[in-house]
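Please open the model in your viewer and keep the selection panel at hand, for this tour proceeds by selecting one group of residues after another.

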Amino acid sequence: MSDLKLGAVESRFAEIIWQNEPIASGKLVKLCEKELNWKKPTTYTVLRKLCKKGIFQNENGTVTSKIKKDEFNAMQSEQFIDEAFDGSLPSFLAAFSKRKSLSKKDIEEIEKMINSYKGE
């Protein structure tokens, strides 16, 4: 999964695809020229790279995601917790809440998630 990490520019590019998919590759080139100030070869180079990683596909000139944005974000979160906190969600929450207070709404949402896993 470490191969799925994206840099800042790749993340912006991925966001353009996720927001516009399915998108014709020619339209993607035009959007990237406007949004990222890229030339056509740059767009296709980055697209090929992300297709090789298995995140997107370009079939018959139409670009779509193989991994949806929410799934990708979940995978990245899991990887971060695995790497930084030895896979311990409680350790992550403890570290997070030391620097940033949890609001009442945050606590209620976390409690709802926990209760849903408990089957309550």
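Begin by selecting Leu89, Pro90, Phe92, Leu93, Phe96, Leu102, Asp106, Glu109, Ile110, Met113, Ile114 and Tyr117, which together line the largest pocket of this predicted model. The space in the largest pocket comes to about 420 Å³, and the residues of its lining divide into 10 nonpolar, no polar and two charged. If you now colour helix H5 (89-99) and helix H6 (104-118), you will have marked two helices that each supply at least two residues of this lining. Which of the helices gives the most to the lining of the largest pocket? That is H6, with six residues.

Keep H5 on display and add helix H4 (residues 69-85), which packs against H5 at an angle of about 85°, with the two axes 9 Å apart. H4 and H5 are therefore roughly perpendicular to each other. To see where they touch, select Phe80, Ile81 and Phe85 in H4, which meet Leu89, Ser91, Phe92 and Ala95 in H5. By class, this contact of H4 with H5 has six nonpolar residues, one polar residue and no charged ones. Two residues of H5 in this contact, Leu89 and Phe92, will be familiar from the lining of the largest pocket, where both were listed.

Move next to the sheet, an open one of three strands in the order S1-S3-S2, with antiparallel pairing. Strand S1 (23-24) and strand S2 (56-59) stand at the edges, and each has a single partner strand, so one side of each is left without a neighbour in the sheet. Select S1 together with strand S3 (residues 62-65), and you have a pair that runs in the antiparallel sense over two bridges, in which isoleucine 23 stands opposite valine 63 of S3. Then select S2 with S3, which pair in the antiparallel sense over four bridges, and look for glutamine 57, which stands opposite threonine 64 in S3. Between the strands of the S2 and S3 hairpin there are two residues, and in this hairpin asparagine 60 takes a positive phi near 55°.

With the sheet still shown, bring in two helices that lie over its strands. Helix H1 lies across S1, S2 and S3, and runs at about 65° to S2, whereas H3 lies across S2 and S3, and runs at about 115° to S2.

Now hide the strands and look at these two helices by themselves. The axes of helix H1 (residues 8-20) and helix H3 (residues 40-52) come within 11 Å and cross at roughly 85°, which makes H1 roughly perpendicular to H3. On the H1 side, select Glu10, Phe13 and Ile17, and on the H3 side Thr43, Val46, Leu47, Lys49 and Leu50, since these make the contact. Sorted by class, the residues of the contact of H1 with H3 are five nonpolar, one polar and two charged.

Finish with two places in the loops where the backbone deserves a look. Is the peptide bond from glutamate 21 to proline 22 cis or trans? It is cis, with omega near -10°, and proline 22 is found in the loop between H1 and S1. The last selection is asparagine 37, which has a positive phi of about 60° although it is not a glycine, and which has its place in the loop between helix H2 (25-36) and H3.

Technical notes
Residues are numbered from 1 along each chain as its sequence is written. This is a predicted model: local features need pLDDT of at least 70, side-chain atom pairs count only at pLDDT 80 or more; totals for chains, interfaces and linings use all residues. Side-chain values use heavy atoms; hydrogens and water are left out. Axes are lines fitted to C-alpha atoms, for helices over the stretch in contact, and angles run from 0 to 180 degrees between N-to-C directions. Angles under 35 degrees count as roughly parallel, over 145 as roughly antiparallel, 65 to 115 as roughly perpendicular and the rest as oblique. Contact means heavy atoms within 4.5 Å. Ala, Val, Leu, Ile, Met, Phe, Trp, Tyr, Cys and Pro count as nonpolar, Asp, Glu, Lys and Arg as charged, and the others, Gly among them, as polar. On a 1 Å grid over the protein atoms alone, a cavity is a set of points where a 1.4 Å probe fits but cannot get out, and a pocket is an open set with protein on both sides within 12 Å along at least five of seven lines; lining residues have an atom within 4 Å of a point. Grid points are joined across faces, edges and corners, and a volume is the space filled by probe spheres set on the points. Two strands pair if DSSP finds at least two bridges between them.
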